[in-house]
Amino acid sequence: MVKAKVWVLRKHFDGFPKESDFEMKEETLPEVKDGEVLLEAVFLSLDPYMRAMSRLLMKEGDVQFGGQVAKVLQSKDPAFPVGCYVTAPCGWRTHTVTNGKAIFSQDMARVLPDWPKEIPLSLAVGALGMPGLTALYGLEEVLRAKPGEIVLVSAAAGAVGTMVGQICKIKGCKVVGSAGSDDKVAYLKELGFDHAFNYKTIPSLDEALKKASPEGYDCYFENVGGPFFTAALNQMRPDGRIAVCGAISLYNATTPQTCPYPHMTILTRRLRIEGFQANQWPDKDEASIRRLVTWMKEGKLKAKEKITEGFENTPAAFIRMLKGTDLGKAVVKV
């Protein structure tokens, strides 16, 4: 019998999450039956959407949801041989017994048969996984960014934002990014952003956006919501497109937030605003990941990670990720 450690949601978040909202438990897993596999977690992915979707997807007492890179320890499904690595939405747990075909029919779950040896496996839940696909699909399927266009991205130093900026440069776009520290701004410039600024230290957001691109913006990759969205909307060019990927400034709000009514700006500039999630184009995932891997091998994509050691430190790492103080994709090495 295999014992698994799991983190459950003890109490729904009230404002900013606390470590006391989680509780670690131990489970005894059943024997592996025909068609099932036993997975051992190697890396857990920590992402802002886990905060945003918590009340929609979970009830108190549930295992915290999320993606992981895992190794197949036992298998009674020939499609998943012992020793292979997979990405799967198993949540915050060290071990999982699951029906192979059932779990691998879910979003962002895949076998990693030929992972390049020179690329860290943890990137399968980072730049070469869901965050990378989110950036790619937001630019190609939603914004349909064209060479020469000007793209604005908020939370640009995050796991998605850094990929957005680099893919923009691959596609021949000008890209402007905002971030919350001088170190993050320096990193964006290292990645090739044409302009980057620290939104926490500028006197005027409107003026900073105008200075970065006096001619306005064709595309806006929205990650934060709040006043930044309003300011960005006012800088959009006619026929501009906005891809709404996230709204991290709103996730921990305890009271509804309001903003100026933007209808006339949207109307007179013929703006298109579209929300999206990376799981909308599953038929393109395999080819898209191959493209991302190729770009990384060619040196066109770089990725930083903030790796926390130890399953027991998962809640603390999750909270730190939401505070935005670290630079790099948040991952727990189990």
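Contact, on this tour, means heavy atoms within 4.5 Å. The model is predicted, so local features need pLDDT of at least 70 and side-chain atom pairs count only at pLDDT 80 or more, while totals for chains, interfaces and linings use all residues. Residues are numbered from 1 along each chain as its sequence is written, and side-chain values use heavy atoms, with hydrogens and water left out.

**Stop 1: helix H11**

Select residues 314–323, which form H11; helices here are DSSP runs of H or I with at least four residues, strands are runs of E with at least two, and both are numbered from the N terminus. Click on Ala317, which sits in this helix. Its relative accessibility is 4%, so Ala317 counts as buried (buried is under 20% relative accessible area, exposed over 50%, partly exposed in between, with a 1.4 Å probe and protein chains only). Setting aside neighbours within four places in sequence, Ala317 is in contact with Leu46, Thr308 and Val332. For a sense of scale, draw a line to Phe104: the two are 213 residues apart in sequence, and their C-alpha atoms are 27 Å apart.

Now go to Thr314, also part of H11. Thr314 is buried, at 0% relative accessibility. Show its surroundings, leaving out residues up to four places away in sequence, and you'll find Trp7, Leu44, Leu46, Trp92 and Val332 touching Thr314. Which backbone oxygen does the side chain of Thr314 reach? That of Phe311, at 2.7 Å.

**Stop 2: helices H4 and H10**

Next, colour residues 130–143 (H4) and 285–297 (H10). Two packed helices are described by the angle between their axes and the distance between the axes. Here the angle is about 105° and the axes are 10 Å apart, which makes H4 roughly perpendicular to H10 (65 to 115 degrees earns that label; under 35 is roughly parallel, over 145 roughly antiparallel, and the rest oblique). The axes are lines fitted to C-alpha atoms, for helices over the stretch in contact, with angles running from 0 to 180 degrees between N-to-C directions.

Show side chains where they meet: H4 brings Gly132, Leu133, Leu136, Tyr137 and Glu140, and H10 brings Asp285, Ser288, Ile289, Arg291, Leu292 and Trp295. By class, that contact has six nonpolar, two polar and three charged residues.

While you're on H4, pick Thr134. This residue is buried, with a relative accessible area of 5%. Val160, Phe221, Cys245, Phe276 and Ala278 touch Thr134, residues up to four places away in sequence not counted.

**Stop 3: helix H6**

Select residues 182–191, helix H6. Which residues of H6 are buried? Lys184, Val185, Tyr187, Leu188 and Leu191 are. They span an arc of only 160° around the axis, so they lie on the same side of H6; the arc is taken from the directions from the helix axis to the C-beta atoms. Rotate to the other side and Asp182, Asp183, Lys189 and Glu190 are exposed. The cover over the buried residues includes helix H5 (159–170), strand S9 (174–179) and strand S10 (195–198). Just past H6, look at Gly192, with its positive phi of about 105°.

**Stop 4: helices H8 and H9**

Helix H8 covers residues 226–233, and seven of its eight residues are buried, so the rest of the structure largely encloses H8. The buried ones are Gly226, Phe228, Phe229, Thr230, Ala231, Ala232 and Leu233.

End at Met264, in helix H9 (residues 263–268). Is Met264 buried or exposed? Met264 is exposed, with a relative accessible area of 54%.

Terms used:
Nonpolar A, V, L, I, M, F, W, Y, C, P; charged D, E, K, R; others polar. Polar contact = N/O pair within 3.5 Å; in protein donor to acceptor, adjacent residues only side chain to side chain.
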